[in-house]
Amino acid sequence: MNKPITAEFIDALESNASSFGVELSGAGISQLASYYELLLRWNPRLHLVAPCSPPEFATRHILESLLLVAHLPNNARVVDVGSGAGLPMLPCLIARSDLHATLIESSPKKTVFLREAVKHLKLDERATVIAKRFEDMAPVKADAITCRALDRFSEMLPRLIEWSPPRSSLFLFGGDSLLMKVTATGLHFESVHVPCSDRRRLMILRKPAARERLPD
């Protein structure tokens, strides 16, 4: 007899968490499962993520997102650009009760999902959803900027760096093409390999203070 989808998802979370350096409480796992069930109901209409198996969603989406947890400072104010399905920040908000986030998403339909997810997961007091393109907004005060999926990501990277507040840290997920663009900025960055993936990385770079000169 096949396991229920949610049980497969939970098993994959529990068996792979240590490979990602992630510790999950029972309550956290339950809340992540609730998020997964909600996304499964909405995904056929909105195409929030590409179809995948429960174990793949657990590793490729949830645990990859949770790599951020170890790098975000206490009580961090985070702005997530191109939130889409709520990745990476919804899992991070579940795992870390001290975090506050602004989720920026240009698709009105996806922001409807994000607002429902924030309400469903009882994250209302720590998460705000904004239905705009980041480049049409004034920079939002933040300690960290995250981005996991953005249209024309490599092309938009210089604009995202310019838009980010001085002294903020940028946390970017991507593969080889994004790595080349990040390297070309001349900014110092750290690259963290994503477990269970051949090419994906978490790239961490710091936006200089306003008085510091960006590399040419």
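Analyst: A crossing is right-handed if the near helix is turned clockwise from the far one by less than a right angle, and left-handed if the turn is anticlockwise. In this predicted model, α2 passes α5 in a right-handed crossing.

User: Why are α2 and α5 called roughly antiparallel?

Analyst: The axes of α2 (residues 26–46) and α5 (residues 108–120) cross at roughly 160° and come within 11 Å. Angles over 145 degrees count as roughly antiparallel, and α2 and α5 therefore qualify.

User: Which residues of α2 and α5 meet?

Analyst: From α2 there are S34, Y35, L38, L39, R41, W42 and L46; from α5 there are K109, K110, V112, F113, E116, A117 and H120. The residues of this contact divide into eight nonpolar, two polar and four charged.

User: What makes β3 and β6 edge strands?

Analyst: Each of them pairs on one side only. The open sheet has seven strands in the order β3-β2-β1-β4-β5-β7-β6, and its pairing is mixed. Direction ignored, neighbouring strands are turned by 20° against each other on average.

User: How do you know that β1 and β4 pair?

Analyst: At least two bridges are required for two strands to pair. Strands β1 (residues 77–81) and β4 (residues 144–147) have three, in the parallel sense. The partner of D80 in β4 is T146.

User: Which strands does α5 touch?

Analyst: α5 packs on the sheet against β2 and β3, and its direction makes about 165° with that of β3. Over 145 degrees counts as roughly antiparallel, so α5 and β3 fall in that class. Helix α7 (residues 176–184) lies across β5, β6 and β7 and runs at about 15° to β7. That angle is under 35 degrees, so α7 and β7 count as roughly parallel.

User: Why is T59 called buried?

Analyst: The cut-off for buried is under 20% relative accessible area, and T59 has 14%, so T59 is buried. T59 is in helix α3 (residues 54–65). Leaving aside residues up to four places away in sequence, T59 touches N16, F20 and E64.

User: Why does H47 count as exposed?

Analyst: Exposed means over 50%; H47 has 60% relative accessibility, so H47 counts as exposed. H47 is in the loop between α2 and α3. Phi of H47 is near 55°, a positive value in a residue other than glycine.

User: What about C196 in the loop between β6 and β7?

Analyst: C196 has 59% relative accessibility and therefore counts as exposed. Phi of C196 is positive, about 65°, although C196 is not a glycine.

Key: Residues are numbered from 1 along each chain as its sequence is written. This is a predicted model: local features need pLDDT of at least 70, side-chain atom pairs count only at pLDDT 80 or more; totals for chains, interfaces and linings use all residues. Side-chain values use heavy atoms; hydrogens and water are left out. Axes are lines fitted to C-alpha atoms, for helices over the stretch in contact, and angles run from 0 to 180 degrees between N-to-C directions. Helices (H or I, at least four residues) and strands (E, at least two) are DSSP runs, numbered from the N terminus. Angles under 35 degrees count as roughly parallel, over 145 as roughly antiparallel, 65 to 115 as roughly perpendicular and the rest as oblique. Contact means heavy atoms within 4.5 Å. Ala, Val, Leu, Ile, Met, Phe, Trp, Tyr, Cys and Pro count as nonpolar, Asp, Glu, Lys and Arg as charged, and the others, Gly among them, as polar. Buried means under 20% relative accessible area, exposed over 50%, partly exposed in between (1.4 Å probe, protein chains only).
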